[in-house]
Amino acid sequence: MNSHRHTPRGFFIVVEGIDGTGKTTLARNISRRLESRGFPAVFTYEPTDGPWGKMLRRSFSAPGRLTPEEELDLFLKDRKDHVKKVVSPSLEQGKIVICDRYYFSTMAYQGARGLNPEEIRKTNEMFAPIPDLVLLLELDPEAAIQRIRENRGQLPDNFEQLEYLKRVTRVFKDLSDQSIARIDAELPPQELLNSAWQRVSDLLVGE
Ligand code: TMP
């Protein structure tokens, strides 16, 4: 089923974690470091800026929330588009793709809304290339919410939000893929980058 894994191609690195872990900054920094060392890196993210991604982002700030099924459907559409237009072509060109969120987020976030994470994985792996490395930033949900409040000046999230992030964290904790490298998101930014970079260089040299 996963024969696409063995076709000649670049490397696929995904950065995952709950909101507030600093994952976007890390993904961008890895991409910059790769480029500065002469590697062809492509930084990208989900939800994308394409039509489905835009629809999703709008739905986050709209009153009420889409049903879990509706949300899943939009994330899948967005990902199919992203894989076809950005991820697969870049990998085929031998590039190193760094993606801020991927289907592990769907397993965790839509799983936390009651859908089955393993079913979500199966649906995704039918069309989505499997990453070579998943940098999973780990942070306590309470600390994550505290950071979101301080850094982004957003309204304090309610208890429901905390409970939701706790369920998301649980799914991330339960993942046992070989490709996952868990990193403590409480590390100071430079140490976080160095720790992640160690995993990236291991991958590139084939350890
Ligand atoms: P972001 O903060 O990384 O831009 O992501 C926006 C939100 O989208 C974040 O709260 C997590 C959520 N999300 C899902 O619920 N499922 C997914 O598959 C993805 C990619 C993101």
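Colleague: How far is an oxygen atom of the ligand from the side chain of Asp19?

Modeller: A polar contact is a pair of N or O atoms within 3.5 Å; within protein, one must be able to donate a hydrogen and the other to accept it, and residues adjacent in sequence count only if both atoms are side-chain atoms. For Asp19, a side-chain N or O atom sits 2.9 Å from a ligand oxygen. Arg101 places a polar side-chain atom 2.7 Å from an oxygen atom of the ligand, and for Thr106 the corresponding distance is 2.6 Å. The protein covers 85% of the 480 Å² of accessible area (Shrake-Rupley, 1.4 Å probe) that the ligand has on its own.

Colleague: What kind of model is this, and how is it numbered?

Modeller: It is a predicted model, where local features need pLDDT of at least 70, side-chain atom pairs count only at pLDDT 80 or more, and totals for chains, interfaces and linings use all residues. Residues are numbered from 1 along each chain as its sequence is written, and side-chain values use heavy atoms, with hydrogens and water left out.

Colleague: Which residues around the ligand come nearest?

Modeller: A residue belongs to the shell if one of its heavy atoms lies within 4 Å of the ligand. There are 13 such residues, and Asp19, Arg101, Thr106, Tyr109 and Gln110 come nearest.

Colleague: Which helix gives the most to that shell?

Modeller: Helices are DSSP runs (H or I, at least four residues) and strands likewise (E, at least two), numbered from the N terminus. Helix 4 gives the most, four residues. Helix 2, helix 3 (68-92) and helix 4 each supply at least two.

Colleague: What is odd about the backbone of Arg101?

Modeller: Most residues other than glycine have a negative phi, and most peptide bonds are trans. Arg101 is not a glycine, yet its phi is positive, about 75°. Arg101 lies in the loop between strand 3 (96-100) and helix 4 (103-111). The peptide bond joining Glu46 and Pro47 is cis, with omega about -10°. Pro47 belongs to the loop between strand 2 (41-45) and helix 2 (51-61).

Colleague: Is Thr169 buried or exposed?

Modeller: Buried means under 20% relative accessible area, exposed over 50%, partly exposed in between (1.4 Å probe, protein chains only). Thr169 counts as buried because its relative accessibility is 10%. Thr169 is part of helix 7 (residues 159-174), and its side chain reaches the backbone oxygen of Leu165 at 2.7 Å. Leaving out residues up to four places away in sequence, Thr169 touches Ile18 and Pro141 (heavy atoms within 4.5 Å).
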